[in-house]
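Visitor: I would like a close look at a single part of this model. Please start with the whole chain and then move to one strand.

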Amino acid sequence: MGIDPFVSWGTPSGAESREGSGALAGVRLAVKDVFDVAGELTGAGHPRWLETHEPAVEDAVAVARLRAAGAVLAGKTHTDELAYSLGGTNQHYGALENPAAPGHVCGGSSSGSAAAVAAGRADLGLGTDTAGSIRVPASYTGLYGFRPTHARAPREGIVPLAPTFDVPGLLTRDLALLREAAGILLDGSGSGTATRLCVPPDLWADQSPRVGAALAPAIARLGLPVHRTPVGHDVTDAFAIAQAAQAWSCHGAWITQERPEFGPGVQARFRRGEGLTREEVTLARKALDEAADRIRVLLDGGGILVLPTAPGAAPALGRPEDRRLMTLRLTCLAPLSGSPALSLPAGLLDGRPLGLSLMAARGHDEVLFDLAARV
């Protein structure tokens, strides 16, 4: 059995009144424990972080906007250690069992919010997505998972991981609720239309044919012409380097002072960040900038990049984190380009949910909801 989605030090489930007004009146909100909630501790997935930080003075901006619209706090939810994982497990607190696939993980690092929504204990999940941490749990648990355009998302009051890539994101069972909540969360209004689907053969060829077969009907229902232009060079390692450098910049001083214990995967990534040279980071950033230019060209004029959200369905509980790099190759394209992405429940593999990701040009977030409605 997995752990409860809600942390024990946050507002207990049902603690707020369900009364209120606004577009989200009565909507139960599960908040990943990297967001500040006024008067509450923020644990960031690590007991030592919990011990060394004071309660928040005010809500994170994303939390404040959703609560002002009537959402009620169901509780704060578990996350992977400092949100630096896609695995959905935590060395200190345990793993969350997937309500949509018992005996399997939810995926991380927004695993707690995904589990709460998938189990029906919340209607709306607030999490963060740095390298796929909204989209991967959404795929594994059969939810909609939305990562917004980087420039449109409020990031104040969130424990950072890699600020160039970090954004708040949303998880729901219902597309209409997702669209409503996204309109409240985001700055400004988007634009754009969808004219074609970009289905890159180089990335799809890396996936199991069974994944392609499971997702093909959903792609057909999108009803747009398909262009098969490769994305190009694999920049997974460049992304991992840039992320690690920023993660160490954000947390290196705290880690050096407090000497917290991490699980092996998270520990290895922080060690890599500590040991990176300026030249390595500069070269990685150059590779990412070039990749962002290629993606911009693909998406210009209404292109929609279409990918599996993850390389497969949810792994079994207790399985080692052996899928990270395969997943990262799919999920890193949105953060490195600052683009919006939406994972929608689109198929099943061995009886477990499988998500399809749609990615649009920056600022074209709303187009993704229109497309998802077709599926």
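How many helices and strands are there in the chain, and what surrounds strand β5?

Guide: There are 13 helices and 12 strands in the chain. Helices (H or I, at least four residues) and strands (E, at least two) are DSSP runs, numbered from the N terminus. This is a predicted model, in which local features need pLDDT of at least 70 and side-chain atom pairs count only at pLDDT 80 or more, while totals for chains, interfaces and linings use all residues. Residues are numbered from 1 along each chain as its sequence is written, and side-chain values use heavy atoms, with hydrogens and water left out.

The C-alpha trace of the chain spans about 50 × 50 × 40 Å along its principal axes. Of the 375 residues, 59% count as buried; buried means under 20% relative accessible area, exposed over 50%, and partly exposed in between, with a 1.4 Å probe and protein chains only.

Now to the sheet that holds β5. An open sheet of 10 strands, with mixed pairing, has the order β2-β1-β5-β7-β6-β11-β12-β10-β8-β9. Its edge strands are β2 (72-77) and β9 (226-227), each of which pairs on one side only. Two strands pair if DSSP finds at least two bridges between them.

In that order, β5 stands between β1 and β7. Strand β5 covers residues 124-129, and 6 of its 6 residues are buried. Leu124, Leu126 and Thr128 point one way from β5, and Gly125, Gly127 and Asp129 point the other way. Both sets are buried.

On one side, 3 bridges join β5 to strand β1 (residues 28-32), and the two run parallel. Here Leu29 stands opposite Leu124 of β5. On the other side, 6 bridges join β5 to strand β7 (residues 167-172), and these two run antiparallel. The bridge partner of Asp129 in β7 is Val167.

Further along the sheet, 3 bridges join strand β6 (residues 144-147) to strand β11 (residues 341-349), which run antiparallel. Arg147 has Ala341 of β11 as its bridge partner. After β11 in the order comes β12. Strand β12 (residues 352-359) contains Gly355, a residue that is buried, with a relative accessible area of 1%. Leaving aside neighbours within four places in sequence, Gly355 is in contact (heavy atoms within 4.5 Å) with several residues, including Ser139, Leu215, Ser343 and Ala346.
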